[in-house]
Amino acid sequence: VLRERAVATNANRRLPRETIDDMRAAGVLKVLQSPHNGGYGLSMRDHLDVNAALAEGCGSTAWVVGVTHAHSWMMSHFPAEAQEATYGTNPDAFISAVIGPRGRAVRTEGGWRLTGVWPFASGSENADWLFLGAMMVDGDQERGPAEFLLPTSAATYRDDWHTTGLTGTGSCSVEVHDLFVADAFHLP
């Protein structure tokens, strides 16, 4: 099926929703996801084997699923409140990310004000949640990088993924401006 969809995936520059739905139905997105969050908690070897098999059908699908595995693993390191918000009602949640600290998060009461543009957010248009990396600023002190979790509906998408490699990954840029992110939704 992935092989049959590969040409259309590349032409559309993103994975079709049907492919994400198929990955969810098959449990493929849960390979590294913590059992606590409804995943399988499998090994890195399993992760590599699954992605190698997917790549036989579509390299773009394998890329998006591969990075999604890493993001679901990272989710287990977030505070319990963020894990519950992400997986509590949807154990098949799909998380996209740009881990590098491309944005800026300014300390405010109860959380952070997040602003920035993050390129290369693979699969983000099909995702439920985003991790976005930013430098934390508290007053006049820079505190270092952190990951911030937000629903994809809080971001604006730029249709700027025009490339000749991994064409179907939908790795467009995402943007947020002055978005409040509660303390429980960041990972320093």
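1. Five helices and seven strands make up this protein. Keep in mind that we're looking at a predicted model. The order along the chain is easy to remember, since the pattern reads α-α-α-α-α-β-β-β-β-β-β-β.

2. On to the sheet. Its seven strands are arranged as β5-β6-β2-β1-β3-β4-β7, and the sheet is open with mixed pairing. At the edges sit β5 (156–158) and β7 (186–187), each of which pairs on one side only.

3. A closer look at the β5 edge: β5 runs antiparallel to β6 (residues 173–182), and three bridges join the two. If you want a spot to check by eye, try T156, whose bridge partner in β6 is E175.

4. Which strands does helix α4 lie across? Residues 59–75 form this helix, and it lies across β1 (95–108), β3 (129–138), β4 (141–151) and β7. Relative to β1, helix α4 runs at about 45°.

5. Now the overall dimensions. The radius of gyration is 16 Å, which agrees with the value near 16 Å for a compact globule because the protein has 188 residues. Along the principal axes, the C-alpha atoms fill a box of roughly 55 × 35 × 25 Å.

6. Last, packing and surface. Of the 188 residues, 49% are buried. Among contacts with a separation of 6 or more, 66% come from residues 24 or more positions apart. The protein exposes about 8,800 Å², with carbon and sulfur atoms supplying 54% of that area.

Technical notes. Residues are numbered from 1 along each chain as its sequence is written. This is a predicted model: local features need pLDDT of at least 70, side-chain atom pairs count only at pLDDT 80 or more; totals for chains, interfaces and linings use all residues. Side-chain values use heavy atoms; hydrogens and water are left out. Two strands pair if DSSP finds at least two bridges between them. Helices (H or I, at least four residues) and strands (E, at least two) are DSSP runs, numbered from the N terminus. Contact means heavy atoms within 4.5 Å. Axes are lines fitted to C-alpha atoms, for helices over the stretch in contact, and angles run from 0 to 180 degrees between N-to-C directions. The radius of gyration is taken over C-alpha atoms; the globule rule is 2.2 Å times the number of residues to the power 0.38. Buried means under 20% relative accessible area, exposed over 50%, partly exposed in between (1.4 Å probe, protein chains only). Accessible areas come from the Shrake-Rupley method with a 1.4 Å probe; for residues, only the protein chains shown count as cover.
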